[in-house]
Amino acid sequence: MSFDILVLHSDRSTGMNFVQCLQEAKRQGWGKDINIIGLSSHPLRMQLCKNDATYLFDEDDTDIVKHVGRIEKDIGKPIDLVYETKSAVYMLDISKLRNRLPVFLPPHELVEVFEDKFLTYKHLSERGLPVPETHLVNSPEDVEAAFRSIAKNAVWVRETKGQAGLGAFSASTPKEVIGELTQRNGWRHHTVAEKLPINTPNTWEDQLSSDFFPGEMVTWAALYNNGQLIGSQVRKRLYWEHADLTVSGVTGYSGANMTVSRRDVHDLSDKIVRSFDWKPHGAVGIDYVADENGKIKLTEIQASRFYTSTYPLALLGLNLPKLYIDVFRGKETCNDAINPCPEGMIYIQRFGAESVMIHRDTILSELSSGTSRPKFAAGSLGNSSHGPLKHEF
Ligand SMILES: Nc1ncnc2c1ncn2[C@@H]1O[C@H](COP(=O)(O)OP(=O)(O)O)[C@@H](O)[C@H]1O
Ligand SMILES: [Mg+2]
């Protein structure tokens, strides 16, 4: 009998990365019984999906139980796992349906905290964990008070729930913030935070090192099984691609990610996830930004699903989606694979170009020579001098 996984919003980058990882594992002989089904609301974009089967659905019809029922009728058996690839209201809705759908999620009370960036902040700041000072604003007076308390030249405003920089902008006066929040009716669901020094002009040599410099973005992606770490990896996000398309410069589309083997980031992240009342279970990720002293501060916890860029990690040997399914099915996996990927591997992507995986040393030597040659696409990594790990985790 097949094991059928349903990927929601499978025609978006996060879903596509997740499915690419599973298909890569299947090509290598894993999960012969696994059937990957995806939902898509776009008859053209769904042509890009690599699901074994993709079902078209009407995005305005949010009755997921009904969609699942339709697919189950079609395949003649129950769906075994539903995986949501979008945050906020989508994740909360799926979490609330856990009695009717098979999901692999944290307890619902925790999903509520992780999906709300202010609740996450409150929990962590009360425990002395590193976070930028943040205020939930319910009125113009709250904005004035936040500016007085933060006492810096600029603040960072954003929605409490969402992804890809939803509602984010930088401001240097209360008037700007009040005007914008009034216009968008944003009271009670926006925060005003200390602005971390993003856009600091760090040199390429600094950015391509494993140290952290002001404003750099750091991410940690992990998978747990009832309190036991399965695997985790730290990366630096080197820049947002298409940053000119949004007011904040945040697009949710990483231009380049580089693996860094920072055990201290793993240890801090592990301590953070264990500060909640649970045995960590399933997919967990954390985003950080480095402050003026290069000390990282947490801006969000992304539990319940993986970040978008899972495929590059799979190319480097850490296939988190495959392990996620194995854990859910109670199969034997690796344990404690902390930063297993080779260090300094950079995955570079941009619309219109084939993605490339390259080691930082190549870039550093090109920086000094001032010339470059065409690179292999990431999928043909085996041909490059920095091939994939011999050992798969
Ligand atoms: N306090 C802050 N100061 C400056 N930039 C921030 C701050 N918080 C978030 N950002 C920027 O927004 C990006 C996205 O934030 P993140 O917390 O990952 O939320 P999401 O991915 O849901 O938008 C960060 O990588 C960073 O570039
Ligand atoms: Mg994020």
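**Exercise 1. Locate Gln233 in the secondary structure, decide whether Gln233 is buried or exposed, and find what its side chain reaches.**

Solution. Begin with the assignment, in which helices (H or I, at least four residues) and strands (E, at least two) are DSSP runs numbered from the N terminus; on this basis Gln233 is found in strand β10. Next take the accessibility, where buried means under 20% relative accessible area, exposed over 50%, and partly exposed in between, with a 1.4 Å probe and protein chains only; at 0%, Gln233 counts as buried. Finally, search for polar contacts, that is, pairs of N or O atoms within 3.5 Å, where within protein one must be able to donate a hydrogen and the other to accept it, and residues adjacent in sequence count only if both atoms are side-chain atoms; the side chain of Gln233 reaches the backbone nitrogen of Cys341 at 3.1 Å.

The model is predicted, so local features need pLDDT of at least 70 and side-chain atom pairs count only at pLDDT 80 or more, whereas totals for chains, interfaces and linings use all residues. Residues are numbered from 1 along each chain as its sequence is written, chains are lettered from A and ligands numbered from 1 in the order in which they are written, and side-chain values use heavy atoms, with hydrogens and water left out.

**Exercise 2. Describe the place and burial of Val234, and give the separation of its C-alpha atom from that of Ala222.**

Solution. Val234 lies in strand β10, and with a relative accessible area of 0% it is buried. The C-alpha atoms of Val234 and Ala222 are 9.0 Å apart, while the two residues are 12 apart along the chain.

**Exercise 3. Characterise the surroundings of ligand 1 by composition, by chain segment and by polar contact.**

Solution. A residue is near a molecule if one of its heavy atoms lies within 4 Å of it, and among the 19 residues around ligand 1 those that come nearest are Arg158, Gly165, Leu196, Asp287 and Thr299. Sorted by type, the shell holds 8 nonpolar, 4 polar and 7 charged residues, where Ala, Val, Leu, Ile, Met, Phe, Trp, Tyr, Cys and Pro count as nonpolar, Asp, Glu, Lys and Arg as charged, and the others, Gly among them, as polar. Sorted by segment, β6 (155–159), β10 (228–240), β12 (282–290) and β13 (296–303) each supply at least two residues. For the polar contacts, a polar backbone atom of Leu196 is 2.9 Å from a nitrogen atom of ligand 1, a backbone N or O atom of Gly162 lies 3.3 Å from an oxygen atom of the ligand, and a polar side-chain atom of Asp287 lies 2.7 Å from an oxygen atom of ligand 1.

**Exercise 4. Identify the protein donors of the magnesium ion (ligand 2) and state what they tie together.**

Solution. Donors are N, O and S atoms within 2.8 Å of the metal (3.2 Å for Na, K and Ca), and sites may look incomplete because water is not among the atoms. The protein donors are Asp287 (OD) and Glu300 (OE), lying 2.0 Å from the ion. Asp287 lies in strand β12 and Glu300 in strand β13, so the pair ties together parts that are 13 residues apart in sequence. Asp287 is buried at a relative accessible area of 10%, and Glu300 is buried at 14%.

**Exercise 5. Compare the burial of His9 and Asp336, each of which has a positive phi.**

Solution. His9, with a phi of about 50° although it is not a glycine, is placed in the loop between β1 (3–8) and α1 (13–27) and is buried at 7% relative accessible area. Asp336, with a phi of about 55°, lies in the loop between α11 (320–328) and β14 (337–338) and is partly exposed at 46%.
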